[in-house]
Amino acid sequence: MRTTPRVAAIHDLSGFGRCSLTIVMPVLSAMGVQCCPLPTAYLSTHTGGFTGNTFLDLTDQLAAAMDHWQSLGLRFEAVYTGFMGNARQMGLAADFIRRARGGGSLAVVDPVMGDHGRLYRTYTPEMCRAMAALAAEADVIVPNRTEAALLLGEPYERLGGGAEADGELARRLSLGGRRSVVLTGVSLKAGQTGAACYDRAGGGVTFVQRDFVGRAFHGTGDLFASVLTGALVRGAGLTEAAALAAEFVGLCAAHTAPQDLPPREGIDFEPLLGRLAGPRGGEGAAE
Ligand code: PXL
């Protein structure tokens, strides 16, 4: 009997800059979870802070690989999606989730579209609409506050903040309680950052917070959502999984900040991956 949980990961592969599959794969492996990648595109670097990157669209491969996996009857404990190259890929991912759900898969959608109030430069309004449709298939979404505004069709500047506003935001993103929400980039007081969690299972909102190291690095959203997904497939509850993710991102940020590297090189998580290993994936990460 298979005991290792399996995750189908639909993200891009960016060669340099630490994001997407170069984070998702090592994190899930370290947590004792089998990661099966379905790459959406190959880029020489990610698009945040680099210009002139290559972009190889892999939409046709994606569709063919999904059909092949279906013909093999593969089952996944979760489908986890992130950065997409175009709107068609989001439709394919939504379709893959619907097929996988029959086999009991949890769908975790990180609706990657932007950050700090701005769209990533390859994203179009059509892609944002397709992302909202993909996110409607999710059991759990992991938006940052920029993506929350885009999903709700509201101006980012008017989101407000604090426990009440962000708790309400997480609740509103749940589509009337149909999906759980882990809203990232939520700060309850100065010097802290973390997430607001709406759990559709109980209908309540909880918060997780960690110290903010004072600098933002590329890829922290992918790192957070990867640890969250790994913890969920290993049986953690939503708040427990979000707390583990926040704690690990905090450790990695504290390790990265003093090195004074260009933020576009990403969060330096590799030396700390061992902290994610353990019977429950991350036990002992707090030490
Ligand atoms: O971390 C989000 C992300 C993922 N993949 C690519 C990106 C970005 C954000 O800029 O450019 C290719």
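1. In this predicted model, an oxygen atom of the ligand lies 2.8 Å from an N or O atom in the side chain of Asp222. Taken by itself, the ligand has 320 Å² of accessible area, and the protein covers 97% of it.

2. Two further side chains approach the ligand in a comparable manner of description. For Thr47, an N or O atom of the side chain is 2.6 Å from an oxygen atom of the ligand. For Ser20, the ligand partner is a nitrogen atom, at 3.1 Å from an N or O atom of the side chain.

3. As to the surroundings, the ligand is enclosed by a shell of 13 residues, the closest being Asp12, Ser20, Thr47, His218 and Asp222. By character, this shell comprises 5 nonpolar, 6 polar and 2 charged residues. The ligand is located in the largest pocket.

4. On confidence, the average pLDDT of the protein is 95, and 97% of the residues score at least 70. An exception should be noted for residues 282-287, where the pLDDT is below 50. In the model, that stretch nevertheless has 13 contacts beyond near neighbours in sequence.

How values were computed
Residues are numbered from 1 along each chain as its sequence is written. This is a predicted model: local features need pLDDT of at least 70, side-chain atom pairs count only at pLDDT 80 or more; totals for chains, interfaces and linings use all residues. Side-chain values use heavy atoms; hydrogens and water are left out. pLDDT is the predictor's confidence in each residue, from 0 to 100. Contact means heavy atoms within 4.5 Å. A residue is near a molecule or strand if one of its heavy atoms lies within 4 Å of it. A polar contact is a pair of N or O atoms within 3.5 Å; within protein, one must be able to donate a hydrogen and the other to accept it, and residues adjacent in sequence count only if both atoms are side-chain atoms. Accessible areas come from the Shrake-Rupley method with a 1.4 Å probe; for residues, only the protein chains shown count as cover. On a 1 Å grid over the protein atoms alone, a cavity is a set of points where a 1.4 Å probe fits but cannot get out, and a pocket is an open set with protein on both sides within 12 Å along at least five of seven lines; lining residues have an atom within 4 Å of a point. A molecule sits in a cavity or pocket if more than half of its atoms lie within 2 Å of its grid points. Ala, Val, Leu, Ile, Met, Phe, Trp, Tyr, Cys and Pro count as nonpolar, Asp, Glu, Lys and Arg as charged, and the others, Gly among them, as polar.
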